[in-house]
Amino acid sequence: MPRGTNDIAIPDLAGTRALVTGASDGMGLGIAERLAAAGAEVILPVRNPRKGENAIARIRRSVPAADVSLRSLDLSSLDSIAALGDTLRGEGHPIHLLVNNAGVMTPPHRQVTADGFELQFGTNHLGHFALVARLLPLLQAGRARVTSQVSIAARRGVINWDDLNWEGSYDGQRAYSQSKIAFGLFGLELDRRSRAEGWGITSNLSHPGVAPTNLLAARPELDRNEDTRAIGLIRALSARGILAGTVETAGLPALMAATDPAAERGALYGPRGLGHLGGPPAEQRLYPPLRNTDDATRIWRISERLTETAFVTT
């Protein structure tokens, strides 16, 4: 757990049920650990059961009384997302906190999800879109706060409306930016629709800045067999406390956005250091690509059609 000038206080979360995607390692695991330490019941939906069990063991080493459990989820499969929704709705317990943290970044070659979507768009955005839709009754019942993790890559770039799946010409970085812009637009539109329709959900955004997470590390499943040059530089800067944050501090903006009673709905939280790459968390101006409400409405409608999910309320 991070301690020092960058750390934040987490309120008492006893009686709260939280779900954190991408929590089997790295930043997501740190977020889950902090929530468990604050008394929340924490659900880790994971694709790899072995990594999930290791994550639970780590949490229980630092928080012996942690109420933490695994569920199965592959965000690149709409069938898996639907199955998790069925499981959790069957359990019937309200969800009070949802941290949409999982993501993939810049596969060197174009890959697709189980449903044929470009992997980053399909996982980072469409997968979480479908997950929130499937969990909507439980989120309503818990009057949940939903925090969606975007990226500084959403500061600039555009949505490739004519080729959302990058079938014509694949650019990994541009596709990654698109996925995070789309995801950010969704998180903001979720809050607007909740207010307009009385869903009782609040939604905001966070970003981790730059930190030595495994997003740019070797990932054989992404056809990336070696660490990227970028991750080597980020590790060096982080170790020296220059610009970049650490894996632990990178999770603080999401924790602030998800748990701080003063955190604003429809807002963005990230590090406040130079270039917003590291430093203590704080509210920040929305990135320009996230301010277009027409784009938000458009991506919502497209996402409903592509995922064949609708936001059906209780």
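Visitor: Where do R193 and E189 lie, and how many residues apart are they?
Guide: They both sit in helix α5, four residues apart, and that is about one turn of the helix. Helices here are DSSP runs of H or I with at least four residues, strands are E runs of at least two, and both are numbered from the N terminus. You're looking at a predicted model, where local features need pLDDT of at least 70, side-chain atom pairs count only at pLDDT 80 or more, and totals for chains, interfaces and linings use all residues. Residues are numbered from 1 along each chain as its sequence is written, and side-chain values use heavy atoms, with hydrogens and water left out.

Visitor: What makes R193 and E189 a salt bridge?
Guide: The term needs a side-chain nitrogen of Lys or Arg within 4 Å of a carboxyl oxygen of Asp or Glu. R193 and E189 have 2.8 Å from N to O, so the name fits. Elsewhere, R17, E41, R71 and E91 are joined into one network by salt bridges that share partners.

Visitor: Which other residue forms a salt bridge with E189?
Guide: That's R192, with the closest N and O atoms 3.0 Å apart. E189 and R192 are three residues apart in helix α5 (residues 172-197).

Visitor: How do you know whether E189 is buried or exposed?
Guide: Buried means under 20% relative accessible area, exposed means over 50%, and partly exposed is in between, using a 1.4 Å probe and protein chains only. E189 has 7%, so it's buried. Its partners R192, at 29%, and R193, at 23%, are partly exposed.

Visitor: What about R89 and D86: how far apart are their closest N and O atoms?
Guide: Those atoms are 2.6 Å apart, and the pair is a salt bridge. R89 and D86 are three residues apart in helix α3 (residues 78-91), about one helical turn. R89 comes out at 33% and D86 at 46%, so both count as partly exposed.

Visitor: Why is T307 called buried?
Guide: Its relative accessible area is 5%, so it falls on the buried side of the cut-off. T307 lies in helix α9 (residues 293-307). It touches L78, L126, F129 and A130, leaving out residues up to four places away in sequence; contact means heavy atoms within 4.5 Å.

Visitor: And why is I10 called buried?
Guide: I10 has 19%, and that still meets the rule, so buried is the right word. I10 is found in the segment before β1 (17-20). Among its contacts beyond four places in sequence are R34 and L255.

Visitor: What makes β3 and β8 the edges of the sheet?
Guide: The sheet is open, with eight strands in the order β3-β2-β1-β4-β5-β6-β7-β8 and mixed pairing. β3 (67-72) and β8 (281-284) each have a single partner strand, so one side of each has no neighbour in the sheet.

Visitor: How do you know that β2 and β3 are paired?
Guide: Two strands pair if DSSP finds at least two bridges between them. Strand β2 (residues 41-46) and β3 have six, so they qualify, and they run parallel. For one of the residues, V42, the bridge partner in β3 is V68. Helix α2 (residues 49-62) packs on the sheet, touching β2 and β3.

Note on methods
Axes are lines fitted to C-alpha atoms, for helices over the stretch in contact, and angles run from 0 to 180 degrees between N-to-C directions.
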